[in-house]
Amino acid sequence: MSVREIVMMGDPVLREVAEEVDAFDDALRALVRDMFETMYHADGIGLAAPQIGISSRILVIDLRRDDDHDDDDEPIALVNPRVAWQSTAVEKQTEGCLSIPGLEEVVERPGEVRVEAQDPDGNPVSIAADKLLARALQHEIDHLDGVLFLDRVSPLKRRMLLKKWKKLESEEA
Ligand code: NI
């Protein structure tokens, strides 16, 4: 297992529509293990494969280090996930992203979703989620479609966040 480098906003891979996975082999399972390790190393609660430069439809989530997690939350690895149903009722909550460190904003999303996917062995999985898990699933599935949480806030807020990002980048340099 190894910790992979997380790519930052500005890298074109984060804007690609990721490829469907069709090989459920040892290489896929090794990649999933690396994704978990990378996510834990970065102290995150979710990671999508494009965030380590791999344009494949894979995500991992582990909410247990977030204060808002439920007692029954456990690590999740999903391949080819899609939102099969979403509630019309929306909720607002602050989001961040390992590819945009230092930025946070309130994002409005459907409060409940049902996600269809496969596990890393190719078995079908269906997850009904609300609260933090619903949010994390939608955030990570967005990554597989080249969408970042900044795309889901108002143009005014996005401009402010991009300005802050440029400032953080210049401080880094
Ligand atoms: Ni993210």
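Start by selecting K131, which is found in helix α2. This is a predicted model, so keep that in mind as you click along. The phi angle of K131 is near 45 degrees, a positive value in a residue other than glycine. At 47% relative accessibility, K131 counts as partly exposed.

**Stop 1: the nickel site**

Stay on helix α2 and select H139 and H143. Both histidines lie in α2 (residues 131-144), four residues apart, or about one turn of the helix. Now add C97 and show the nickel ion. Its protein donors are C97 through SG, H139 through NE2 and H143 through NE2, at 2.1 to 2.3 Å from the ion. Along the chain, the donors of the nickel ion follow the spacing C-x41-H-x3-H.

Are the two histidines buried or exposed? H139 is buried, with a relative accessible area of 7%. H143 is buried too, at 1% relative accessibility.

**Stop 2: the largest pocket**

Keep C97 selected and turn on a pocket display. The largest pocket has a volume of about 570 Å³. It is lined by 26 residues, and the closest to its centre are I45, D66, E95, G96 and C97. C97 is also one of the protein donors of the nickel ion.

Which element should you colour to see the largest share of this lining? Choose α2, which supplies six residues. Strand β4 (90-95) is worth colouring as well, since β4 and α2 each supply at least two residues of the lining. Colour by class next: the lining of the largest pocket has nine nonpolar, nine polar and eight charged residues.

**Stop 3: the nonpolar cores**

Hide the pocket and show the side chains of I61, L78, I127, A129, L133 and L137. Of the 19 residues in the largest nonpolar core, these six touch the most other members. The elements that give two or more residues to this core are β2 (58-61), together with β3 (76-86), β6 (112-118), β7 (124-130) and α2. Helix α2 gives the most to this core, with seven residues.

Next, centre on I61 and show what surrounds it. Leaving aside neighbours within four places in sequence, I61 is in contact with F36, M39, I45, G46, E74, P75, I76, L133, A136, L137 and E140. Two of those partners, F36 and M39, lead you onward: a second, separate core of 15 residues includes L31, F36, M39 and I52.

**Stop 4: two cavities**

Switch to a display of enclosed space. There are two cavities of 30 Å³ or more.

Begin with the largest cavity, which has a volume of about 40 Å³. Select L63, D68, D70, D73, D130, K131, L132 and L133 to see its lining. K131, where the tour began, is in that list, and α2 supplies the largest share of the lining, three residues. By class, this lining has three nonpolar, no polar and five charged residues.

Now move to the second largest cavity, where about 30 Å³ of space lies. Its lining is E91, R109, P110, G111, K131, R135 and Q138, so you meet K131 again. The elements that give two or more residues to this lining are β5 (105-110) and α2. Here too the largest share, three residues, comes from α2. By class, the lining of the second largest cavity has one nonpolar, two polar and four charged residues.

**Stop 5: two loops**

For the last stop, look at the loops on either side of β1. Select D43, in the loop between α1 (26-41) and β1. Phi of D43 is near 65 degrees, a positive value in a residue other than glycine. D43 is exposed, with a relative accessible area of 56%.

Then select S56, in the loop between β1 (46-48) and β2 (58-61). Is S56 buried or exposed? At 18% relative accessibility it counts as buried. To see what packs around it, show A18, E19, V21, A49, P50 and L144, with which S56 is in contact once its neighbours within four places in sequence are left aside.

How values were computed:
Residues numbered from 1 in each chain as written. Predicted model: local features only at pLDDT ≥ 70, side-chain atom pairs only at ≥ 80, totals over all residues. Heavy atoms only, no water. Donors = N, O, S within 2.8 Å, 3.2 Å for Na, K, Ca; no water. Buried < 20%, exposed > 50% of the residue type's maximum accessible area, 1.4 Å probe, protein only. 1 Å grid on protein atoms, 1.4 Å probe; cavity = no way out; pocket = protein on both sides within 12 Å on 5 of 7 lines; lining within 4 Å. Points joined across faces, edges and corners; volume = space filled by probe spheres on them. Nonpolar A, V, L, I, M, F, W, Y, C, P; charged D, E, K, R; others polar. Contact = heavy atoms within 4.5 Å. Core = buried A, V, L, I, M, F, W, Y, C linked by side-chain atoms within 4.5 Å.
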